[in-house]
Amino acid sequence: MSDYPFEKFAVGQSVSRTEDPRLLRGAGCFTDDFSLPGQAHGYVFRSPYAHAVIKTLDVSAAKSAPGVFTVLTAADLEAEGVAPLPCRLAVKSRDGTPLVKPARPALATDAVRYCGEAVAFVVAESLAIARDAAELIEFEVEVLPAVTDAREAMKADAPRLHDEAEGNLALDWEFGDGAEVDRIFQDAHHVSSLTLRNNRVVVSAMEPRAAVGEFDADSGRYTLHVPTQGVFGFTNVLATQILCIPREQLRVMTYEVGGSFGMKSAPYPEYAPVLIASRLLGRPVKWCDYRSDSFLSDQHGRDSWAEASLAFDTKGRILAGRVVSYANLGGYLSAVGPSMSTRNIPRNFPGVYRLPVFNARSHAIFTNTTPIGAYRGAGRPEGVYYMERLMDTAAREMGIDRVELRRRNIIGADEIPYDAVSELTYDSGDFPAVLEEALAAANWDGFEARRKASAAKGFLRGLGIGCYLEVTGPPAKEMGGIRFESDGTVTMVSGSLNYGQGHAATFAQILTTKLGIPFDRFRLLQGDSDELIAGAGTGGSRTVISAGTLLLHAAEAVIENGRNISSHVLEAAVEDIEFEWGTFRVVGTDRTISILELAESLREGTSLPDDIPQSLDAELAEDTPPSAFPNGCHIAEVEIAPETGIVKVDRYVIVDDFGTLINPMLVEGQVHGGVIQGLGQALMENTSYSEEGQLISGSYMDYVMPRADHLPEFTFASHPVPAKTNPLGAKGCGEAGCTGALPAIMNAIVDVLSREAGVTHIDMPASPERIWRSLQSRKMA
C-alpha cells in the first residue's frame with residue numbers, strides 16, 4: 001500500500017480521535033449541557049428504605065408548593081398507559097420454567113425493594129424548588145427486613161421480595177451434563193476447587209445520567225435527549241414497551257456520552273416520567289442525577305459468588321470443569337437480567353484451553369439492592385477469572401509449574417478451527433504463540449532476580465499470569481449508510497454509538513481505505529433515531545465487527561453505484577469500469593473520474609438515465625457477522641508492603657490477539673482503560689450494604705476508585721491473527737483489558753501470600769487490610 005495516497009489514515013495506522021480537539025476545548029455537548037427554552041426541572045424522590053410496604057404516599061403538599069408544576073406518581077403513569085420496564089432476556093430454568101420477571105414499575109407502586117428506588121417525580125420552575133418540594137412528600141411505610149447477599153437471600157427464613165419468586169429465585173439455569181461431570185470428578189486424578197467472590201462495583205461513569213424530554217402537540221411526537229449506547233433499540237423499547245406508543249411517535253437524540261460501560265444501554269425508570277410530564281405540562285422537562293443518587297439508581301455491576309472446580313488426569317490435562325454461581329440480581333431484573341451469569345459463563349470459562357466437558361449452574365436471586373446490569377465484559381471477565389484462578393491453584397496443588405500446566409492444556413494453532421465445549425467454534429488464533437510472546441516480553445524467567453531486589457527494599461514481590469479468550473457480542477441487525485453531502489463532506493451513518501471508543505476515526509479509516517476519500521471529509525451520524533433504519537448499539541466488543549462491516553458493505557454499494565453512474569459519464573460499459581484508490585477508470589484507457597468529482601458532478605445537476613442509480617449514496621441493514629474470539633495473555637508483577645498490605649502493581653505486560661487492528665493506538669487505549677477498571681475491582685472497588693440494605697459506600701468518600709498513581713507502565717504488544725468470520729478480520733478489544741487484568745493481578749497477589757504465609761486464596765477486592773491479615777495469619781498460627 002506504499003503508493004496509496006491516504007496511507008497515513010488507512011486501516012492499520014494510529015490516528016488520533018477526531019472528537020478530541022472539540023472535547024478538550026470544552027465544546028462538546030453532553031445531555032446536561034442541552035437545554036430548551038421554557039424548560040421545567042425534574043427531581044426524583046427516592047425511597048430511603050431498602051424494603052418496605054408503602055402505606056401512604058401523599059404528594060399534595062409538594063404539588064401545591066410555590067413554583068411546583070406537578071408531582072407524578074405510579075398512579076399517574078398508569079393512567080397514561082406507561083408499562084413496567086422490560087427484561088429482554090429469554091431464558092428458562094433447568095426444569096423448563098421461564099425466567100421469573102416481576103414487574104418493575106417506573107415509579108414504585110405497592111412496595112419499595114431497594115434503597116434509591118424512584119417513588120415520585122417532582123417538576124418545578126427550578127431544580128432547587130423541585131428538590132425542596134420533595135421534602136414535603138408524605139411517605140409512610142411498613143419497614144420490612146432486608147437481604148443484600150445472594151446466598152443469604154436463598155435461605156428459607158430470608159425476606160421475600162416478590163410473591164412470584166419463591167426463595168427469591170428468578171432462575172435456576174444449567175448448561176451441560178451435571179451427572180457426567182460428577183462421574184469425571186469422582187474418577188479424576190485431581191480436582192481443584194475454589195469459592196470465589198465477584199465483588200459488586202459502582203459503574204461510576206464520568207457523566208451522570210440525564211434526560212430532557214419534550215412533546216410536540218402538533219405532530220403528537222415525543223423527543224428525548226438522553227445518553228445511550230445506541231438510539232435505535234433504545235427507542236424501540238422505550239416507545240413500544242414502556243410508553244406503549246408507536247415507535248414513530250418517539251425520537252431519541254444522543255449527543256456526547258461521558259462513559260457507560262454497559263450502564264446506559266437501556267431505558268431507566270426516570271425517562272418515562274420526564275416525557276409524560278413534558279406532555280402534560282406543555283413544556284420541556286429536564287432532569288439530571290446527582291452523583292449521590294447515581295450511586296443508588298444507576299445499575300451496578302458484577303456481584304456473584306461462584307463455586308468453581310477443575311478435574312485433571314495424571315498428566316495434568318483438564319478433564320472437566322464446573323461453575324456453580326449465585327448471582328445477585330438486585331431488587332428487580334435489569335434489561336439483560338442474569339445473562340452475565342448464564343450464557344456468558346460457558347462461553348468464556350473454557351478460554352484458550354482444551355476443556356472436554358463442562359457444567360454450569362446459575363442461581364439468579366433477588367435482593368434488596370440496586371439492580372445489576374452489564375458492566376464492562378458482562379460475564380466475560382468472570383468466566384476467565386474463575387478458570388485462571390483455578391489453573392494457578394491446580395498447579396500449586398499438583399506441584400506443576402503454572403506455565404507448564406497452561407502449556408499442557410492450551411489449544412494449538414494446528415487445532416484451529418476448534419469446536420469448544422461452549423458450542424462455539426474458534427475460527428482463528430495462535431494461543432501458544434501469544435503465551436510465549438508474553439512470557440518473553442515480561443522476562444518471566446528473570447523474576448527471581450526482581451523478587452530479591454524488591455526484598456532488599458523491604459517489599460514482597462509477586463508474579464501473576466492470566467490467559468484469556470472471550471466471546472464478543474452475538475450477531476444483531478445493524479445498518480450502514482454513506483451520504484455525499486452538498487458541502488463536500490461524506491456522512492457515515494451507523495446504528496452503533498460512540499461513548500469514548502473513537503468511532504469517527506476508526507470508521508473513517510475503513511472508508512478511506514476502501515473508497516479513497518480523504519479522511520477529513522468524513523462525518524459520523526449515530527445519535528438520532530430518526531436517521532436510523534436499524535442498530536445494534538455499542539456493546540460486547542463487537543462494534544468494528546458489526547458496524548464496521550456494515551459500513552464496508554455500504555462502501556461496496558457506493559462503488560457499485562459509482563460504476564453505473566461513471567459508465568454514463570465516461571460513456572463506457574459498466575463492465576469496463578474499474579475502481580481503485582478513489583478513482584473510476586475505463587479499463588485500458590486514461591479516461592477517469594474521481595469519486596469526489598463524480599459526487600460534485602451529481603450535485604451540480606448531471607442528468608442521469610432512469611435505469612441507473614441517481615446518487616452515490618448507499619444505505620443498508622443486515623445481520624452482522626458472528627461473534628469473534630479476542631484472546632491474549634496478561635502478566636502482572638506486584639510489590640506488597642508487609643507492614644501495611646498496600647499493593648503496587650509494578651509491571652504489567654499485555655500481548656493480545658485482536659485480529660486486524662484498524663487503529664492500533666485506540667486499541668491500546670481501550671486495553672489500558674480496561675486494565676485500570678480490572679485493577680480497581682481487584683484491589684479496591686467494593687459496594688457495601690448494611691444489614692438494613694443501606695448503601696454504606698454511597699460516595700467517593702467511601703468508595704475507592706483507581707487513581708493515576710495506582711497505575712503501572714504498560715508494555716503492550718499485538719500478535720494479530722485475523723478473524724475469518726468478518727471481512728475486516730477484526731476481533732474486538734473493548735472489554736479484554738478488564739478480562740485479563742482480574743486474574744493476572746489476583747494471581748500475582750496470591751503468589752506472594754502463598755509463599756510468605758501459606759495463604760492460597762484471597763477474594764477481591766484485595767484491600768490492604770485483607771492482605772495484611774493474610775500475611776499475619778502464619779504468625780498468628
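**Exercise 1. The nonpolar cores**

Identify the residues with the most contacts inside the largest nonpolar core, and state which helix gives the largest share of this core.

*Solution.* Step 1. In this predicted model, the largest nonpolar core comprises 113 residues, and those with the most contacts inside it are Ile635, Tyr652, Leu683, Ile745 and Ile749.

Step 2. Helix 19 (residues 736–757) contributes the largest share of this core, 12 residues.

Step 3. Take Ile745 as an example of the packing. Leaving aside residues up to four places away in sequence, Ile745 touches Ala636, Val649, Tyr652, Leu679, Ala682 and Leu683.

Step 4. Another core, of 57 residues, lies apart from the largest one; Cys115, Ala211, Ile242 and Ala272 are among its members.

**Exercise 2. Two buried helices**

Determine how many residues of helix 15 and of helix 8 are buried, and describe the residue that follows each helix.

*Solution.* Step 1. Helix 15 (residues 503–515) contains 13 residues, and the distance from its first C-alpha to its last is 18 Å, close to the 18 Å expected at 1.5 Å a residue.

Step 2. A residue counts as buried when its relative accessible area is under 20%. In helix 15, 11 of the 13 residues are buried, so this helix is largely enclosed by the rest of the structure. The buried residues are His503, Ala504, Ala505, Thr506, Phe507, Ala508, Gln509, Ile510, Leu511, Thr512 and Leu515.

Step 3. In helix 8 (residues 271–281), eight of the 11 residues are buried, so helix 8 is likewise largely enclosed by the rest of the structure. Its buried residues are Tyr271, Ala272, Pro273, Val274, Leu275, Ile276, Ala277 and Ser278. One of these, Ala272, also belongs to the core of 57 residues.

Step 4. Gly516 follows helix 15 and has a positive phi, near 70 degrees. Gly282 follows helix 8, and its phi is also positive, near 70 degrees.

**Exercise 3. The largest cavity and the second largest pocket**

Describe the volume and lining of the largest cavity, and then those of the second largest pocket.

*Solution.* Step 1. The structure holds nine cavities of 30 Å³ or more. The largest cavity has a volume of about 170 Å³.

Step 2. The lining of the largest cavity consists of 19 residues, with Arg302, Ala327, Met340, Ser341 and Ile372 nearest its centre. By class, this lining has nine nonpolar, seven polar and three charged residues.

Step 3. Strand 14 (318–330) and helix 11 (380–398) each supply at least two residues of the lining of the largest cavity. Strand 14 gives the most, with four residues.

Step 4. The second largest pocket has a volume of about 450 Å³. It is lined by 24 residues, and the closest to its centre are Ala103, Pro105, Thr109, Asp110 and Arg113.

Step 5. By class, the lining of the second largest pocket has 15 nonpolar, three polar and six charged residues. Helix 3 (residues 74–79) gives the most to this lining, with three residues.

**Exercise 4. A charged residue in helix 11**

Decide whether Arg380 is buried or exposed, and list the residues that Arg380 touches.

*Solution.* Step 1. Arg380 is found in helix 11.

Step 2. The cut-off for a buried residue is under 20% relative accessible area. Arg380 has 6% relative accessibility and therefore counts as buried.

Step 3. Not counting residues up to four places away in sequence, Arg380 touches Asn344, Asn348, Glu470, Val471, Thr472, Gly473, Gly540, Glu735 and Thr739.

**Exercise 5. Backbone features in loops**

Locate the cis peptide bonds preceding Pro417 and Pro765, and characterise the positive phi values of Ala378 and Asn443.

*Solution.* Step 1. The peptide bond from Ile416 to Pro417 is cis, with omega near 0 degrees. Pro417 lies in the loop between helix 12 (402–409) and strand 16 (418–419).

Step 2. Met764 and Pro765 are joined by a cis peptide bond whose omega is about -10 degrees. Pro765 is placed in the loop between helix 19 and helix 20 (768–780).

Step 3. Ala378 is a residue other than glycine with a positive phi, near 45 degrees. Ala378 occupies the loop between strand 15 (358–366) and helix 11. With a relative accessible area of 12%, Ala378 is buried.

Step 4. Asn443, also a residue other than glycine, has a positive phi near 50 degrees. Its position is the loop between helix 13 (431–441) and helix 14 (447–456). Asn443 counts as partly exposed, at 39% relative accessibility.

Definitions and conventions: Residues numbered from 1 in each chain as written. Predicted model: local features only at pLDDT ≥ 70, side-chain atom pairs only at ≥ 80, totals over all residues. Heavy atoms only, no water. 1 Å grid on protein atoms, 1.4 Å probe; cavity = no way out; pocket = protein on both sides within 12 Å on 5 of 7 lines; lining within 4 Å. Points joined across faces, edges and corners; volume = space filled by probe spheres on them. Nonpolar A, V, L, I, M, F, W, Y, C, P; charged D, E, K, R; others polar. Expected span 1.5 Å × (residues − 1). Buried < 20%, exposed > 50% of the residue type's maximum accessible area, 1.4 Å probe, protein only. Core = buried A, V, L, I, M, F, W, Y, C linked by side-chain atoms within 4.5 Å. Contact = heavy atoms within 4.5 Å.
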